[in-house]
Amino acid sequence: MLNLSIFAERLDSLLFDAKLNPPAFAKIIGCGRATINRYLSGMKMPTVEMTVRIADYFQVSADFLLGLEEENLASNFRPYIPFRERLPQLCEKFNITKYQLQKKTGIPESAIYNWQAGRTKPTIESLVRIAESLQCSVDCILGRE
């Protein structure tokens with residue numbers, strides 16, 4: 001389960017360590033100042049793409065950033081690929097069908113097919129559910145490791 005306050009604390013700590021203020025960081029990663037402020041106040045969880053951008057910038061794992069790991073087990077991450085391309089790879093890697101994935105995670109079948117078609121993108125919460133059900137990291141789900 002995701003905890004917005006842990007994400008906010010981790011981001012705040014990373015910004016402090018990097019001696020960056022929220023407006024400067026917002027400019028660096030290409031979003032609005034208000035967006036960073038919402039992240040830091042624990043009001044909003046970033047999109048998958050923004051999570052990857054933040055993790056890549058600070059060279060941390062997505063799992064650490066999201067508070068799913070206590071330590072940063074960062075390594076050289078592969079570039080993030082769109083989830084519509086990653087989904088078939090995951091099914092093959094874990095020897096699971098999309099139907100089985102849906103049953104394991106409780107994510108609606110229509111959502112999974114919309115992701116595959118590129119009509120919608122999963123939320124961070126959905127990726128965490130998939131990672132938990134497949135017993136792997138969010139970085140694995142994202143294809144970063």
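1. Just after helix α4, Q59 adopts a positive phi of about 55 degrees. The model under discussion is a predicted one, and the backbone angles in this note should be read with that in mind. As background, most residues other than glycine have a negative phi.

2. Two further residues belong beside Q59 in any check of the backbone. K19, although it is not a glycine, has a positive phi of about 55 degrees, and K19 is found in the loop between α1 (4-17) and α2. Q135, likewise a residue other than glycine, has a positive phi near 55 degrees and lies in the loop between α9 (124-134) and α10 (138-142). As to their surroundings, K19 is exposed, with a relative accessible area of 75%, and Q135 also counts as exposed, at 75% relative accessibility.

3. Turning to α4 itself, which of its residues are buried? The buried residues of α4 are V48, M50, T51, V52, I54, A55 and F58. These buried residues pack against α1, α2, α3 (33-40), α5 (62-65), α9 and α10, and the contact with α2 is taken up in the next point.

4. Helix α2 (residues 22-29) packs on helix α4 (residues 48-58) at an angle of about 105 degrees, the two axes lying 11 Å apart. Because angles of 65 to 115 degrees count as roughly perpendicular, α2 is described as roughly perpendicular to α4. The residues that meet are F25, I28 and I29 from α2 and M50, R53, I54, Y57 and F58 from α4. By class, this contact of α2 with α4 comprises seven nonpolar residues, no polar residues and one charged residue.

5. A second helix pair is formed by α6 (residues 83-93) and α8 (residues 109-117), which pack at an angle of about 115 degrees with their axes 6 Å apart. Here F83, R84 and L87 in α6 meet I112, W115 and Q116 in α8. Sorted by class, the contact of α6 with α8 has four nonpolar residues, one polar residue and one charged residue.

6. The largest nonpolar core has 42 residues, and those with the most contacts inside this core are F25, I54 and I130. F25 and I54 have already appeared among the residues through which α2 and α4 meet. For I130, once its neighbours within four places in sequence are left aside, the contacts are F83, L101, T105, I107, W115 and I141; of these partners, F83 and W115 are also among the residues that join α6 to α8.

7. How many disulfides does the structure hold? The structure holds zero disulfides. C140 is accordingly in no disulfide, and the nearest cysteine sulfur, that of C136, is 4.0 Å away. Since a disulfide requires cysteine sulfur atoms within 2.5 Å, the separation of 4.0 Å between the sulfurs of C140 and C136 does not qualify.

8. Is C140, which lies in helix α10, buried or exposed? C140 is buried, with a relative accessible area of 5%. Not counting residues up to four places away in sequence, C140 touches R86, L90, K93, F94 and E145. R86, one of these partners, is 54 residues from C140 in sequence, while the C-alpha atoms of the two residues are 10.0 Å apart in space.

Methods
Residues numbered from 1 in each chain as written. Predicted model: local features only at pLDDT ≥ 70, side-chain atom pairs only at ≥ 80, totals over all residues. Heavy atoms only, no water. Axes fitted to C-alpha atoms, helices over the stretch in contact; angles between N-to-C directions. Helix = DSSP H or I, 4+ residues; strand = E, 2+ residues; numbered from the N terminus. Parallel < 35°, antiparallel > 145°, perpendicular 65-115°, else oblique. Contact = heavy atoms within 4.5 Å. Nonpolar A, V, L, I, M, F, W, Y, C, P; charged D, E, K, R; others polar. Core = buried A, V, L, I, M, F, W, Y, C linked by side-chain atoms within 4.5 Å. Buried < 20%, exposed > 50% of the residue type's maximum accessible area, 1.4 Å probe, protein only.
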